[in-house]
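Trainee: I'm new to this one. Can you walk me through it?
Mentor: Sure, take a look here.

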Amino acid sequence: MKRLFTLLQRELSVFYYSPIAYIVLFLFLILNGLSFWFAIALLNRAPSENTVVQVFFNSAFFWISYLLVFPVITMRSFAEEFKLGTIETLMTAPVRDWEVVASKFMAAMLFYLSLWLPSLFYFLIFGWLGNRSAIGSAAQVWAPYLLLLVMGMFNVALGCLASAMTSDQIVAAMISLMLTIGFFFVTLINYVVNSSSPILREMTAYVAQLDHMDSFSRGVVDSRVFVFYPSMAFLLLFITYQIFQYRRWKV
Amino acid sequence: MIKVEQLTKRYPGVVAIQDLSFEVDKGEIVGFLGPNGAGKSTTMRILSSFVPPTFGRAYIAGHDVFRDSLKARRHLGYLPESVPLYGDMRVNEYLRYRGSLKGLSGKKLQNRADAVKELCGLKEIEHKLIASLSKGYRQRVGLAEALIHEPDLLILDEPTIGLDPNQIRHVRELIKSLGKRHTILLSTHILSEVEVTCSRVIIIHRGKIEASDTPENLVGRIRTSGTIRVEATTGSDDPVEVLERIDGVKSVVANQEDGWHRCLIRVEANSDLREDIFRLAVERRWKIRELTQERATLEDVFVELTHTDN
């Protein structure tokens, strides 16, 4: 446990030592701010049944920042170790392979979660300033964040998998972006195919991140996602672990 | 401390090491020699449980490096050939991170970090970023890292590569002093270094052990090296032409200075042609002021064992 903590500390420090973290944080603040401003502006224009939370989490700004962040925060994790050769010192220290995979995943998750903190404060402050009805119920505020947590697990695990496959950060980022966006667009099959095949609809419904966010931001919490996304993340991390081991033994 | 049994590692299309068996006892400093590509690094990587062998077993302090990997690794300090380090960390921070990864904490961690900084001369650069360090300092950081948890066994893959002569001397002294408390397996291409530091030498070539003995015994095995030095006045004779006529002479290089010819004669190893040369000189009425056979060195042994004609 202590080793895992040491590894996690190191992985987290990697984020905050590199300028990329601050660029991502900065861009995220801007995009989230725009998204928030956009939501309020929309509600100011005319009476609406939507809450600020709903508009915020269903805007294009939100989805762009959400999808682009995963390659950036995960591309480095394994690829850089292979490129620098530090994988050799890392894996000849008394640490287990799964501890390394877990620490890299957890560090990326913590950084990812920290990116959403400011927006949570927007809502809390906005509600505190007297617009409780525009925010909606407590569940309507917390539910999207719970969904962000589990969807994040899935996408961060995808990114880790991509990073473990190559020694080049850029290639890792490309693979990760492809996978993330690929899964995101599965949702759209639902609309395109338009109920011709109920089985396909049912299958794509599991990874329909757009639809999930739509219902969660209304405060409708669907428990299936809490099983599906974490278990998929676990499966992806298991594959990552296998690839990681295979690559290090192939050196 | 190290026990290797029939270790074999094959990569697609290449056999890196084949059927390697050797042992290293506690307290030994063993030099691991061989030409580039002989399988030194591969063996060291297997011993450090970084890559698995295709076949065979290896033990460190009685623990199988793969079945009981974590226990084996706790006894080991390993310095890889390329000395990979995290450039974004500071020296002190890096040493503390690695120490804590190897199970140190609290006061003990601080004491060990201070001790290895002192030992490797890193005190004055402890707050510098590793990325800004020179090659020599990086090497020392790597060595300090390998030493931080006081391992019983140190495996050093070319610890002096890329260092200047002063730094090489420093590292050599360091290794010698470490040998009092640690068992050391080190690979290097600087053979003079091995002669002074190592108590035993293992020479591998094409993945197989060619020799394993003390440096003295190895050198003793080749009694004389293949070079004879002659300094003579030869009158009207051309020394190169005359000397090359002697049986067993491979080649002669001569240059002249103040009427004296300095000749370097390459002969077969283990043959002594000094008497023949002396007899010839007497016959030809040459005046000789030097006739010596150069003492064999580990380098001669190395060349003899690993020389290939292709």
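Mentor: One term to start with: a charge sits over a ring if NZ of Lys or CZ of Arg is within 6 Å of the ring centre and within 35 degrees of the ring normal. This is a predicted model, where local features need pLDDT of at least 70 and side-chain atom pairs count only at pLDDT 80 or more, while totals for chains, interfaces and linings use all residues. Residues are numbered from 1 along each chain as its sequence is written, chains are lettered from A and ligands numbered from 1 in the order in which they are written, and side-chain values use heavy atoms, leaving out hydrogens and water.

Trainee: OK, so what lies over the face of Trp260(B)?
Mentor: That's Arg289(B), at 4.2 Å from the ring centre. In chain A, the charged end of Lys104(A) sits over the ring of Phe78(A), 5.6 Å from its centre.

Trainee: New topic: how many aromatic pairs are there over all chains?
Mentor: There are 33. Rings of Phe, Tyr and Trp (its six-membered ring) pair if their centres lie within 6.5 Å; planes under 30 degrees apart count as stacked, over 60 as edge-to-face and the rest as tilted. Trp63(A) and Phe184(A) are a tilted pair, because their planes are at 45°, with centres 5.1 Å apart.

Trainee: Which helices does that pair link?
Mentor: Trp63(A) is in helix α4 (residues 60-74) and Phe184(A) in helix α10 (residues 169-193), both of chain A, 121 residues apart. Helices here are DSSP runs (H or I, at least four residues), and strands (E, at least two) are too, numbered from the N terminus.

Trainee: Are those two buried or exposed?
Mentor: Both Trp63(A) and Phe184(A) are buried, meaning under 20% relative accessible area, with exposed over 50% and partly exposed in between (1.4 Å probe, protein chains only).
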